[in-house]
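Got your viewer open? Load the model, pick a cartoon view, and follow along stop by stop.

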Amino acid sequence: MTQDLLISIMMFVLGCLFGSFLSVLVHRTLHRQSGIIFGKSRCPKCKHPLRPRELIPVLSWLFQRGRCSYCHKPISAIYPALELVTGLLFLTNYNMVLANPAFTYFANFSFDWIFVVKIIYLGLIVLNLTAIFFSDLQKKAIPNLFLYSWVILTAFSFLLSGAQPFDNLLDRLTALGIALLIFGGQYLISKGKWLGSGDIFVAAGMGLLLGLNSFLVAVAFTYILGSVISLGLLLLKKVKFSQSVPFAPFLILGTLIALYHGQEIIDWYWHLFLII
């Protein structure tokens with residue numbers, strides 16, 4: 001087994017483990033339960049404490065066929081999905097940052113220790129994004145814990161994005177201003193009917209994290225994916241025309257696309273534009 005493959009497996013497993021903790025954190029925060037961090041894990045239906053073998057990310061849910069070992073009631077697939085998504089995002093972080101020298105989000109660093117900083121920072125980013133994604137998906141609400149930590153975390157991204165922190169800060173503040181103008185304007189015009197106040201926090205963090213060009217890429221993909229998926233749900237009669245659809249998951253999908261491939265998309269767009 002090669003070193004890269006071994007590390008890739010370790011990153012995926014680590015992501016799943018963090019995802020398991022995150023699934024508990026999301027559930028308890030949404031339901032305002034006590035013991036958010038240190039409380040014992042219990043079945044969400046019968047509240048029976050779970051044994052260690054029932055806490056293995058993804059696998060426990062599969063082995064138990066999606067049911068509690070005690071009350072035999074179904075356990076939502078949200079839990080293994082969150083764990084799996086987090087594992088895949090941790091794996092993507094490793095492949096984009098360490099195994100792919102073309103990744104340009106962090107620039108001009110050559111020391112080994114900074115790779116650890118990159119992985120930790122991006123790990124925190126995807127954990128926050130995953131928490132927001134699944135919170136809004138489940139309850140159409142995003143706890144303040146995840147919104148505030150998201151904005152605080154992204155506010156420091158300019159320090160890790162190149163050799164000219166002042167220019168990076170200016171770029172991100174410009175993106176922040178446009179984010180507040182676009183999404184804050186929609187919130188005020190619609191009086192909160194088109195999107196929620198939490199979506200404004202998410203968009204603000206997007207601007208701080210991505211900078212202007214990649215933020216615009218993220219916004220474009222947000223509305224493209226939002227339109228396509230919402231139309232599909234309407235055609236499949238999964239939602240009604242008058243029914244609202246959580247918007248933060250589309251913001252987050254757009255953010256991840258721009259984070260990992262924003263510059264490539266920008267280069268492709270300008271190349272296509274110049275050819276035409």
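Start with the largest cavity, whose volume is about 30 Å³. A cavity here is a set of points on a 1 Å grid over the protein atoms alone where a 1.4 Å probe fits but cannot get out; grid points are joined across faces, edges and corners, and the volume is the space filled by probe spheres set on the points. To find the spot, select Ser23, Val26, His27, Ile78, Tyr79, Leu82 and Gln138, which line the cavity; lining residues have an atom within 4 Å of a point. Both α1 and α3 supply at least two residues each to that lining. The structure holds 1 cavity of 30 Å³ or more.

A word on ground rules. This is a predicted model, where local features need pLDDT of at least 70, side-chain atom pairs count only at pLDDT 80 or more, and totals for chains, interfaces and linings use all residues. Residues are numbered from 1 along each chain as its sequence is written, and side-chain values use heavy atoms, with hydrogens and water left out.

**Zoom out: the whole chain**

Colour by secondary structure and you get 9 helices and 0 strands. Helices are DSSP runs of H or I with at least four residues, strands are runs of E with at least two, and both are numbered from the N terminus. Of the 276 residues in the protein chain, 41% count as buried; buried means under 20% relative accessible area, exposed over 50%, and partly exposed in between, with a 1.4 Å probe and protein chains only.

Switch on the surface: the accessible area of the protein chain is about 15700 Å², and 69% of that belongs to carbon and sulfur atoms. The areas come from the Shrake-Rupley method with a 1.4 Å probe. As for contacts (heavy atoms within 4.5 Å), take those between residues at least 6 apart in sequence: 69% of them join residues at least 24 apart.

**Aromatic stop**

How many aromatic pairs does a search of the whole structure find? There are 7, where rings of Phe, Tyr and Trp (its six-membered ring) pair if their centres lie within 6.5 Å; planes under 30 degrees apart count as stacked, over 60 as edge-to-face and the rest as tilted. Select Phe18 and Phe90: the ring centres are 5.8 Å apart and the planes sit at 25°, so this pair is stacked. Phe18 belongs to helix α1 (residues 3-30) and Phe90 to helix α3 (residues 78-97), so the pair links distant parts of the chain, 72 residues apart. Check the surroundings too: Phe18 is partly exposed at 37% relative accessible area, while Phe90 is buried at 6%. Then show Phe183, Tyr223 and Phe247, which form one aromatic cluster.

**Two lysines in loops**

Next, pick Lys140, in the loop between α4 (112-139) and α5 (144-154). Phi of Lys140 is near 55°, positive in a residue other than glycine. Lys140 is partly exposed, with 43% relative accessible area.

Now jump to Lys191, in the loop between α6 (165-190) and α7 (197-210). Phi of Lys191 is likewise a positive value, near 55°. Is Lys191 buried or exposed? At 74% relative accessibility, Lys191 counts as exposed.

**Along α7**

Follow the chain into α7. 12 of the 14 residues of α7 are buried, so this helix is largely enclosed by the rest of the structure. Among the buried residues are Ile200, Val202, Met206, Leu208, Leu209 and Leu210. Put a distance label across the ends: the end C-alpha atoms of α7 are 20 Å apart, in agreement with the 20 Å expected at 1.5 Å a residue (the expected span is 1.5 Å times one less than the number of residues). After α7 comes Gly211, with a positive phi near 80°.

**Last stop: α8**

Select Leu212, in helix α8 (residues 212-235). Leu212 is partly exposed, with a relative accessible area of 21%. Leaving out residues up to four places away in sequence, Leu212 touches Asp171, Thr174, Ala175 and Ile178. The C-alpha atoms of Leu212 and Leu170 are separated by 9.6 Å, though their positions lie 42 residues apart along the chain.

The buried residues of α8 include Ser214, Phe215, Val217, Ala218 and Thr222. With 24 residues, α8 should span 34 Å, and its end C-alpha atoms are 35 Å apart, which agrees. Finish on Lys237, which follows α8 and has a positive phi near 60°.

Methods: 1 Å grid on protein atoms, 1.4 Å probe; cavity = no way out; pocket = protein on both sides within 12 Å on 5 of 7 lines; lining within 4 Å.
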